[in-house]
Structures are given as C-alpha cells and as structure tokens.
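Dear colleague,

I am passing on the structure we spoke about, and my notes on it follow below. Please read them with the coordinates open beside you.

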Amino acid sequence: MWRKLLLLFLALVVLFILVGCPGSSIDELISKMKFMNYAFAEGEPEIPAVALYLGKVNPGDILEVYTPVPEYVSSEIENKGVIISPIIENPGYLYYLDLAPGAFYNHPGRIILLGEDGEPIIDEDVEGWPVLNGKTPEPLVSSTSEAFQKAIFWRNIRYKITKIQIPEWVIIPRVISGAVVVNGLTPTQNLYTEASNIHNMMYEAMVDFMGADKVKQVEYPDNAPSDVEDAIQYLVETKKVNSITLYFIAHGSYDRMNIGGHSFSASDLKNIIESYSSVKFFIIIESCHSGSWIEGITNIVDPENVILAITTTTADKSAYSDWDSAAGYTDDYNGTIDVYIEWTSDFLQMMSYYTGPAWSEVTDYAEEHDIPNEAALYDLRFLSIKAGSPPETSYTFTERVGIQEPRIYRSYSP
C-alpha cells in the first residue's frame, strides 16, 4: 500500500515540475495535464507554438477575442476588434495556444476553455488573443515577460531576454528633413512592451540624425490616426520640412494596421502623402503583412513623392519580436544587443554604422543616384542587412530562418 502511495506522490511531483509553477493548485495541475491531452490529441504542432495557462474563470466572466485588424471591417468591430464575446456559465480553466509566438498579430491561435471536469467549454481557432473581463491576461502582454516564459508547452522556439544597449549615435550634419515615429500599440495589446522600447530607440536615433525639433513621436495615449496626420502637418507647416521619414510599428493585416485601437489603411496613408505633393516621403513599416502596403491593390508607393519604402516582411507573412534561437538555429550574430523587435533592432545597428564611420558611403551613394541622404542611408542599410560582410547572409535572424522577408520599393534604379 505504501508503495502505491509513494508512486502517487512521485507522479504528482513530476506533474508539478512538468506543467506547474509555484502557487499552482492540484486542480490547476490536473487541468493542465487534461489540456495537453485534449489540445494535442492528434499530435503536437510541428510549427513554432507556445501554450499558455491564463487562469481560472468563473460563472459570469466575459471572454472576448481581440483581433487588432479584423479581416473584414464593420461598424460594430472596427475599433474594438472583438469577434466573439460569450458570458461564461460554468467555472473552468482558460488556455491559449499561440501558433506564431512573438508575431505582430494577426496570426493564428487557438483559445480553449476546459471545464472543471476537463471537457471543452470553448475551443475556437482565432486570429487574435483572448481578453478576460476587459483585460488582456498578463502572460500575453509581453512575449519577453516572466509570465510568458512560464508557458506550459514550447515547440521550436526559445526567447532570450537581453539587457538593452543603445548604440553610440554619431550626429551628422543637419539636413532639412523630419521624421514621424509611430507606435500604434496600446498598453492592453500583445507585445506592447517590446514595441514601446524599440519605438523609443528609433525616436532617439532619428533625433540624433535630424535634431529634436524635426522629429515627432506618436505614442499612446495620443496615437490615433489623426495624431499621425497632425504630426506630419506640424512638420510641414511649422518646421517647413520638405522630406519626411515615417516609421510605423503596429499590429497589421492586409492593407491595414491598428493605430491606437483604430483601423488605419493603406488608402488613408496614400491620401495623406498625396496631400503633401511637394514633400518627399521615406516609409518604414514594421508589422505583420506589411508587404501588402507596397505590393497590394492600394499601393502607398504610387504617388511620385514616395522615394523609398521598406516593409519588414511580405504581404503573406508576420513580423516578429526578438528571437535568439528557433527551429534548431542558434547563430544569432548579434544576440547580446539585438533586442525587442528583431528587424528594427538590426536596422538601428546598421544605421549607427552608416551615420558614423561609413557616412561617406551614404553621401557617395546619394550623389550617384541623385537621391536625398535619407534614401541612401535607408537603402544601404537595407542592402547591408540582407547581404553584408560580415555576415555574408542576412543580418536579421528571422529572415535567415525563413519566417520574415523584408521588401523594398525604390523610385530610382539601385
């Protein structure tokens, strides 16, 4: 008898180690085991995936799904992005299976609510994340947070939390130009921490490049689409700039991104650009499906005053936060200083190089192609990050593993 009790005790200990965390109750541990059996009844996913336990739910709780940029827009869901909103009738345990962890939504996921008996109450395939009683559960707010790291299942992905190191920027001769640096995320949205940190780094880089009076920072709580337009108008009318760099980091879908909780489309940006026909624009978009902005039906590069546009991936792929290893790869060239958002972080490192010891390469390239210095800087940075030496392959880890493919548009021949 005592041997059976010992075996039972050891089984619970092993279960605690495998799927539990400090503070978990026995009921939660059993539920996690039942979740694993249920969610992976047909086998574990072969693609990168993370399964997160989000907590216990009670009768009367409201479970919603937030999709930052719904695939189709109606007056009911344009701003909220809520596609289902059931009121929970029975107690249970909430789980989220993230099938593209670290990506800027929209991307596939699966919400599973198991009852206390282990039977599914809700099992939904979604393109967003769960919101419980109006709040995003803590593990989903940041993919580099301690709460996210305590996932109960991982597949082919490991994040490395690194300490931020801002490069030593070199101030170059001022040009008559400006920049609008936009963080479209709000505090309750997935990856807000990563986006905010990289947004601040980009802002500081643009200030060093252009001067503080020529750079506008658009961030929560003043980051509605109208705030973006106001920032552009301010630079043109008050600071008399005649060239503007627009940088966006946001949740994105085809031809749209979520700016401050509102839909902002390629047509919206195109209309703004066309209304300032005497201003040259250089555009950088860090979001999922960002390639659709320069490859889709409504192209922001159609106006003649768009000189260059870079998107961090193609129309059909997601953009990602920082990865230091995935799918068997561990050779991140710059893992100690490559932080928060993979592509933009590498962009800033190459920008530091070209605004410092290699500035003559920028001016020579600009003169050769009869383009502004900004266009030459961003173009060289793009070329170097894709085929620099060293490294001889792409500098961006997510591009080297094939899950993110940057795109560039030039109004001139390279």
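At its relative accessibility, does Arg-407 count as buried, partly exposed or exposed? Arg-407 counts as partly exposed, since its relative accessibility comes to 30%, and the bounds that matter here are under 20% for buried and over 50% for exposed. Please bear in mind throughout that this is a predicted model.

To begin with the chain as a whole, its secondary structure consists of twelve helices and 18 strands, and of its 414 residues 57% are buried. Where contacts join residues at least 6 apart in sequence, 72% of them are between residues at least 24 apart. The accessible surface amounts to about 17,700 Å², with carbon and sulfur atoms contributing 52% of that area.

Turning to the charged side chains, I would recall that those of opposite charge can pair when their charged atoms come close. The count of salt bridges in this model is eight, and three of them may be worth your time.

Arg-407 is paired with Glu-295, and the closest N and O atoms of this salt bridge are 3.1 Å apart. The two residues belong to distant parts of the chain, with Glu-295 in helix H8 (residues 292-295) and Arg-407 in strand S18 (residues 407-410), a separation of 112 residues. Glu-295 is, like its partner, partly exposed, with a relative accessible area of 42%.

Strand S18 also holds Arg-410, which forms a salt bridge with Asp-379 in which the closest N and O atoms are 2.7 Å apart. This pair again links distant parts of the chain, because Asp-379 lies in helix H11 (residues 373-387), 31 residues away from Arg-410. Asp-379 is buried, its relative accessible area being 0%. As for the wider arrangement, salt bridges with shared partners connect Glu-295, Lys-317, Glu-405 and Arg-407 in one network.

The third pair is made by Asp-213 and Lys-214, whose closest N and O atoms are 3.1 Å apart. Here Asp-213 is partly exposed at 31% relative accessibility, whereas Lys-214 is buried, with a relative accessible area of 10%.

Finally, there is a negative patch on the surface, formed by Glu-361, Asp-364, Glu-367 and Glu-368. Of these, Glu-368 is found in helix H10 (residues 359-369), and Glu-368 counts as exposed, because its relative accessible area is 60% and the cut-off for exposed is over 50%.

With best regards

Key:
Residues are numbered from 1 along each chain as its sequence is written. This is a predicted model: local features need pLDDT of at least 70, side-chain atom pairs count only at pLDDT 80 or more; totals for chains, interfaces and linings use all residues. Side-chain values use heavy atoms; hydrogens and water are left out. Helices (H or I, at least four residues) and strands (E, at least two) are DSSP runs, numbered from the N terminus. Buried means under 20% relative accessible area, exposed over 50%, partly exposed in between (1.4 Å probe, protein chains only). Contact means heavy atoms within 4.5 Å. Accessible areas come from the Shrake-Rupley method with a 1.4 Å probe; for residues, only the protein chains shown count as cover. Patches are made of residues with over 30% relative accessible area and no salt bridge: like charges are joined within 9 Å, nonpolar side chains (Val, Leu, Ile, Met, Phe, Trp, Tyr) within 5 Å. A salt bridge is a side-chain nitrogen of Lys or Arg within 4 Å of a carboxyl oxygen of Asp or Glu. Lys and Arg count as positive and Asp and Glu as negative; His and the chain ends are not counted. The place of a charge is taken as NZ of Lys, CZ of Arg, CG of Asp or CD of Glu.
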